[in-house]
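Here's a quick briefing on a structure you may want to browse. Have a look at it first, then read on.

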Amino acid sequence: MAASREAAPGTVTAAAFGVGGLFVVGALISIFIAAGTHDAVMAFHATLFILFFVLGIFAIGKRHFDAQERTPEPPARDGINYHDGPIRVATIASLFWGIAGFLAGLYIALELAFPGLNFDLAFLNFGRLRPLHTSAVIFAFGGNALIATSLYVVQRTCKTRLAGDLAPWFIVWGYQLFIVLAATGYLLGVTQGKEYAEPEWYVDLWLTIVWVTYLIVFLATLARRKEPHIYVANWFYLAFIVTIAMLHLVNNAAVPVSLTSPKSYIIWSGVQDALIQWWYGHNAVGFFLTAGFLGMMYYFVPKRAERPVYSYRLSIVHFWALIFLYIWAGPHHLHYTALPDWAQTLGMTFSIMLWMPSWGGMINGLMTLSGAWDKLRTDPVIRMLVVSIAFYGMSTFEGPVMSIKAVNSLSHYTDWTIGHVHSGALGWVGFVTFGAIYCLVPWLWNRKQLYSLALVNWHFWIATLGIVLYITAMWVSGILQGLMWRAYDSLGFLEYSFVETVEAMHPFYVIRAMGGGLFLIGALIMAYNVYMTIRGHVREGEAMEPAPAGDGQLAAVGAK
C-alpha cells in the first residue's frame with residue numbers, strides 16, 4: 001500500500017490504483033455477504049465494510065485532485081516533510097474513544113451499585129457494556145494513542161518521512177472500522193466471549209490486515225532511517241507491534257460456521273484454550289499496555305523534561321529483560337484451576353522476576369528528571385508524565401505480589417484484581433497517554449503552546465483524586481470479599497451467603513463510581529483544552545511553554 005518514495009503525496013500512483021482495486025474487490029465481497037447472510041448483525045457489519053471501501057475509493061480520488069490545487073505543507077524545522085495527517089486523526093480518535101470508554105465504564109460502575117439502571121434492555125446489560133468499556137479504553141483509546149505516538153516518534157527519531165503514502169491512512173481509518181465493528185458487535189450480542197478478544201472471526205481477520213500493514217510501515221520506516229542508531233522507544237514500539245500480532249493470530253485461531261455467519265469455533269479446547277487465552281490476555285497487558293506505553297515514556301518524558309534519558313544502558317537492559325520475562329507470566333491467571341501445578345508455578349516465578357526489570361524502567365524514567373525536578377512545580381504536563389511512572393512502579397509491584405499463590409487464594413475473582421487493573425490502566429496508561437497528547441497537539445497543529453496549562457493542572461488533580469477513590473475502594477472491597485468468601489462458622493459451614501457479600505460491596509461501588517466520574521470530568525476538561533489549542537487560542541495570562549528540545553538529545557548513548 002506504500003507509494004514510491006519519489007511520488008508526491010496525493011499522487012495517484014500504481015500503488016494507489018492497486019489499493020483502489022483492492023477496495024473494489026472488498027466492496028463486492030461485502031455486498032455478497034450482506035445479500036447472503038441470514039444474520040442481521042452480520043448484514044449490518046457487511047454494510048459497514050461496503051461504506052468503508054466505497055468511501056475509501058472516493059477519498060483516494062479526492063486526495064489526488066486536492067493535491068493538484070493545494071500547496072504542499074512546509075517541511076519541519078529539520079527540513080523533513082513528515083507525514084503527520086494520519087497522526088492527527090489518531091490523536092483526536094484516541095481522545096474521542098477515551099471519553100466514550102470512560103463514560104461506558106462509569107455507567108457499568110453505576111449499574112453494579114444500582115442494578116435497575118440496565119432498564120431490562122439487552123444492549124444496556126452489564127455483560128454487553130463491560131467488554132465495550134474494556135475494549136474502548138484499551139484498544140480504542142490506548143490503541144489510537146499508540147498508533148499516533150509510534151508513527152510520530154519513529155519519524156522524528158529516524159529523521160525520515162513515514163514509509164508509504166496511503167498505508168498510514170489505511171492503518172488509522174482501518175483501525176477505526178475495527179473499533180466500530182467490535183463495539184457494535186458487543187452491543188448487539190455478537191462475541192466470542194474471550195477476555196480482551198471478544199470480536200468474532202471476520203473482525204479479527206480485518207484487524208490482522210490492518211496490523212500487518214502497521215508492522216510493514218513501521219519496519220520500512222526504520223529501514224529508511226537517516227540516523228544510524230535506533231532509539232530505544234522504537235524497540236519498545238516494535239516489540240509491542242510484533243508480539244500483539246503473534247498473540248492475536250494464535251489466540252483467535254477459529255473456524256467460522258460459514259462465510260455468511262458471524263459464529264465461529266475456536267480450535268483450542270479445555271484447559272489448552274484457557275492457557276492460550278491467558279497467555280494472550282496477560283501479554284495483551286504486557287505488550288499492549290506496558291511495552292507500547294514504555295515507548296511513549298522513553299520519548300515524551302525526556303522530550304518534555306529537556307533532559308537525556310538517565311541511563312541508556314539501563315533502558316536496553318530494561319527492554320530485553322522485560323521482553324524475555326513477560327511472555328511466560330500468563331499462567332498466574334489460572335492458579336487453582338485444571339492447569340498443571342508446574343505451569344502455575346512457572347507463571348508465578350516469572351511474574352515475581354518481572355518486578356526487577358519493571359522497576360529498572362521506573363527508576364530510569366524518574367531519574368531522567370535529574371537536574372529538572374523544579375519543572376514539577378511549573379509544568380503540569382511533566383507532572384502527569386512523572387505520576388504515570390509512579391503508578392507504573394506501583395502496579396508492577398502489586399502484580400507480582402498478587403501472582404503468589406497464597407496471596408492469589410485471597411485476591412482471585414475479587415475486586416482487588418479490579419483495583420489492580422485500574423491503578424495500571426488509569427494511573428499508568430491514562431496519565432502517560434494524557435501527557436503525550438498534551439505534548440503532541442501543539443506540535444502537530446503548529447501551535448506555540450497549549451490553550452491553558454491551568455486546565456491541565458485541574459485535569460491532573462481531578463483525575464488523580466478520581467484514581468485514588470477508585471483503587472482504594474476496590475482494594476478494600478476486594479479484600480473484604482475474599483475474607484467473607486473464606487469465612488467459616490464453628491460448624492464448618494460458610495458464614496456468609498453470596499448475597500450478603502454482594503450487599504457488603506454497595507458503598508464501595510458507589511465510591512468507585514464517584515472516582516470514575518471524576519476521571520471522566522478530567523478527560524472532558526482535556527478535550528476542551530485540546531479543542532481550543534487546535535483552534536489556535538491561548539488563554540489570557542498563560543505563561544509561555546518552552547519550545548520542544550531537539551530529538552538528538554534524547555539519549556546520551558553509553559554515557560551511563
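What follows covers the overall build and then two patches on the surface.

This is a predicted model. The protein has 560 residues, and 56% of them count as buried. Two surface patches are worth a look: a nonpolar one made by V24, L28, I31 and I57, and a negative one formed by D489, E495, E500 and E503.

**Overall build**
- The protein contains 18 helices and two strands.
- Its radius of gyration is 24 Å, close to the 24 Å that the globule rule gives for 560 residues, so the protein is as compact as a globular protein of that length.
- Taken along the principal axes, the C-alpha atoms fill a box of roughly 85 × 65 × 45 Å.

**Nonpolar patch**
- V24, L28, I31 and I57 together make a patch of about 330 Å².
- Helix α1 (residues 14-36) supplies the largest share of this patch, with three residues.
- V24 sits in helix α1, and its relative accessible area is 39%, so V24 is partly exposed.
- That label fits because partly exposed covers the range between buried, under 20%, and exposed, over 50%.

**Negative patch**
- D489, E495, E500 and E503 are the residues that form this one.
- E500 belongs to helix α17, which spans residues 498-504.
- E500 counts as partly exposed because its relative accessibility is 37%.

Key. Residues are numbered from 1 along each chain as its sequence is written. This is a predicted model: local features need pLDDT of at least 70, side-chain atom pairs count only at pLDDT 80 or more; totals for chains, interfaces and linings use all residues. Side-chain values use heavy atoms; hydrogens and water are left out. Patches are made of residues with over 30% relative accessible area and no salt bridge: like charges are joined within 9 Å, nonpolar side chains (Val, Leu, Ile, Met, Phe, Trp, Tyr) within 5 Å. Accessible areas come from the Shrake-Rupley method with a 1.4 Å probe; for residues, only the protein chains shown count as cover. A salt bridge is a side-chain nitrogen of Lys or Arg within 4 Å of a carboxyl oxygen of Asp or Glu. Lys and Arg count as positive and Asp and Glu as negative; His and the chain ends are not counted. The place of a charge is taken as NZ of Lys, CZ of Arg, CG of Asp or CD of Glu. Helices (H or I, at least four residues) and strands (E, at least two) are DSSP runs, numbered from the N terminus. Buried means under 20% relative accessible area, exposed over 50%, partly exposed in between (1.4 Å probe, protein chains only). The radius of gyration is taken over C-alpha atoms; the globule rule is 2.2 Å times the number of residues to the power 0.38.
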